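New to this one? Have a look at the chain below, and then we'll walk through it piece by piece.

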Amino acid sequence: MELTNKKTVLCFRPVLAICVASAPITASSPVPPPISQSLTAASSDPQIKSLCAKTEYPDLCLTTIAPFFNGKTDIASVVEMLIKAGTEQTKQANATATKMAADPKYADDPKTISGLKGCYEMYDDALDNMQNAMDTIPVYDIGTIETMVSAAITDYGTYDDGFTQQPNPVPDGVSPMVDINENLQNIGSIILAITDLMH
């Protein structure tokens, strides 16, 4: 065994030299369970399954809750998990739109670039509405939750409408974010359906 003043080095030489430098031991942060495990936990919980079955999109409900499932199954907690999920996915959508707006393939398409840049305000407004809904959960202000989530749903639809200036986009004017916004609107619908059970 050899010792140095600068660093402790342990060397064992039965056949090959194996040296291990000593280092301080630090506690690592807990690693969150893989999404597959979270989905299994949420989808196998009878209360969560029952609540999601009462929505128009039960499968989406389960997969939306999964990353935020904390074991609580009371209605208010489930609404909170869904709003957290909707908030996170809205942030991701905003990041996606920002990246698209800088994509060279849209360089000759000022209408699309303008529409994509215009989404920032809509998504920011949706995030504010989701936060306002979240803030009222502890006091069971169901009316405000429903109003704020409905406003967020409107924000997602308004963003897509900006590409055609009409409620039903024509094929050559469809927003490149239409699928993402439809998913966000569906999540909003799920939140409203479960919030309604708080009455």
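Before we start, one term: a nonpolar core here is a set of buried Ala, Val, Leu, Ile, Met, Phe, Trp, Tyr and Cys residues joined through side-chain atoms within 4.5 Å. Keep in mind, too, that you're looking at a predicted model.

Now for the core itself. The largest nonpolar core has 45 residues, and the members that touch the most others are I65, V78, I83, Y123, Y159, I191 and I194. Helices 2 through 8 each chip in at least two residues, and helix 4 gives the most, with nine. As a general point, nonpolar side chains in soluble globular proteins tend to be buried together.

Pick Y123 for a closer look. Setting aside neighbours within four places in sequence, Y123 is in contact with T90, A93, N94, A97, Y156, Y159, M177, N181 and L184.

Stepping back, the protein chain has eight helices and two strands. Starting at the N terminus, the two strands come up before the helices. The chain is 199 residues long, and 36% of them count as buried. Among contacts with a separation of 6 or more, 62% join residues 24 or more positions apart. On the outside, the chain exposes about 11,800 Å², with carbon and sulfur atoms supplying 56% of that.

Next, a charged residue in a buried spot. D45 sits in the loop between helix 1 (35-44) and helix 2. What does D45 have around it, given that it is buried yet has no salt bridge? The nearest side chain of opposite charge, K49, is 9.3 Å away. Polar atoms of the D45 side chain do, however, lie by two backbone nitrogens, as the table shows.

| Backbone nitrogen | Distance to a polar atom of the D45 side chain |
|---|---|
| Q47 | 3.0 Å |
| I48 | 3.2 Å |

Leaving out neighbours within four places in sequence, D45 is also in contact with F69 and T73.

So where is there a salt bridge? The count comes to one. E80 pairs with K84, and their closest N and O atoms are 3.5 Å apart. Both residues lie in helix 4, four residues apart, or about one turn of the helix. In general, side chains of opposite charge can pair when their charged atoms come close. Are these two buried or exposed? E80 is partly exposed, with a relative accessible area of 30%, and K84 is partly exposed as well, at 38%.

Key: Residues are numbered from 1 along each chain as its sequence is written. This is a predicted model: local features need pLDDT of at least 70, side-chain atom pairs count only at pLDDT 80 or more; totals for chains, interfaces and linings use all residues. Side-chain values use heavy atoms; hydrogens and water are left out. Buried means under 20% relative accessible area, exposed over 50%, partly exposed in between (1.4 Å probe, protein chains only). Contact means heavy atoms within 4.5 Å. Accessible areas come from the Shrake-Rupley method with a 1.4 Å probe; for residues, only the protein chains shown count as cover. Lys and Arg count as positive and Asp and Glu as negative; His and the chain ends are not counted. A salt bridge is a side-chain nitrogen of Lys or Arg within 4 Å of a carboxyl oxygen of Asp or Glu. A polar contact is a pair of N or O atoms within 3.5 Å; within protein, one must be able to donate a hydrogen and the other to accept it, and residues adjacent in sequence count only if both atoms are side-chain atoms.
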